[in-house]
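Good morning, and thank you for joining this meeting. I would like to present one structure, with attention to its ligand and the space around it.

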Amino acid sequence: MLTRLQNNILLPKVLLGCYANGFSNLISGSQILRGFNETAGFSALSGDNLRSRPKSSLRNYQVVVAATREMGIGKDGKLPWRLPSDLKFFKELTVTTSDPEKKNVVVMGRKTRESIPLENRPLPGRLNVVLTRSQSSDITTGENVVICGNIPSTLELLAEVPYCFSTEKVFVIGGGQIFRETLNAPGCEAIHITEIETSFECDTFIPSIDLSCFQPWYSSKPLVENNVRFFHSCKEQ
Ligand SMILES: NC(=O)c1ccc[n+]([C@@H]2O[C@H](COP(=O)([O-])OP(=O)(O)OC[C@H]3O[C@@H](n4cnc5c(N)ncnc54)[C@H](OP(=O)(O)O)[C@@H]3O)[C@@H](O)[C@H]2O)c1
């Protein structure tokens, strides 16, 4: 049950239903004002570059990534390492909200979606936004799955009703193509990076973090799992 909005955005009917049924009555006045500010000055949705868009019309986001020192993130369509504790960290970070009425959003490329085992997708407890340029995608949408055709229109959509009210944080979770457009961009508020210190052969890489824009905020103690040395850190803009 899909409705195609402007520029490749497919919305599950259920979410349109929320809006049509007075969903915004559920939120407080200050949130309404924030939503109006965020959506002020909206232009027609388009696929132009993220860096050229007025920031106020786009939802900010955080990046979550695990990368080697060489910024390798993947191999043969999968993660090169097996780190259950890092997956647990990822789940806690991306699921947890301060407002129990809201969900977080995870934004991913079509190939990253395909790398998630069938039984684990869509990622539960989060609104899953899948990016594809294909008009005939076979991705099953539903209450927790939205398909978008480009990144600016995704961030624009998430700044609008109902998502500006129903969702709390937006996490961009990969893969390489999506990180290349979003990492270091103006709307990227924070980068949560699992720094993998053990060497792995990779075929997918991301750009280095721009340390002139992002300052270290926290760093965990060194961890070891399955003979892999790593630690968590976060850098903020
Ligand atoms: N280490 C980590 O933290 C991490 C996290 C996530 C993924 N990964 C790894 O990264 C690899 C996958 O990354 P990848 O670069 O190959 O693929 P990806 O970024 O996950 O997905 C690429 C696909 O997304 C769609 N896409 C890309 N840019 C788009 C845009 N601007 N607008 C709309 N759609 C867009 C296209 O789908 P269509 O072809 O359908 O048009 C494209 O083929 C895997 O190895 C995975 O395991 C690692």
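**The ligand and its pocket**

An oxygen atom of the ligand lies 2.8 Å from a backbone N or O atom of Arg 133. This is a polar contact, that is, a pair of N or O atoms within 3.5 Å. The ligand has 930 Å² of accessible area on its own, and the protein covers 89% of that area; such areas come from the Shrake-Rupley method with a 1.4 Å probe.

Please note that this is a predicted model, in which local features need pLDDT of at least 70 and side-chain atom pairs count only at pLDDT 80 or more, while totals for chains, interfaces and linings use all residues. Residues are numbered from 1 along each chain as its sequence is written, and side-chain values use heavy atoms, with hydrogens and water left out.

Nitrogen atoms of the ligand also meet the backbone: one lies 2.8 Å from a backbone N or O atom of Ala 66, and a nitrogen atom is 3.0 Å from a polar backbone atom of Ile 73.

How many residues surround the ligand? There are 27, and Ala 66, Arg 110, Thr 112, Thr 132 and Glu 181 are the closest; a residue counts if one of its heavy atoms lies within 4 Å. The helix or strand giving the most to this shell is α7, with four residues; helices (H or I, at least four residues) and strands (E, at least two) are DSSP runs, numbered from the N terminus.

Notes: A polar contact is a pair of N or O atoms within 3.5 Å; within protein, one must be able to donate a hydrogen and the other to accept it, and residues adjacent in sequence count only if both atoms are side-chain atoms.
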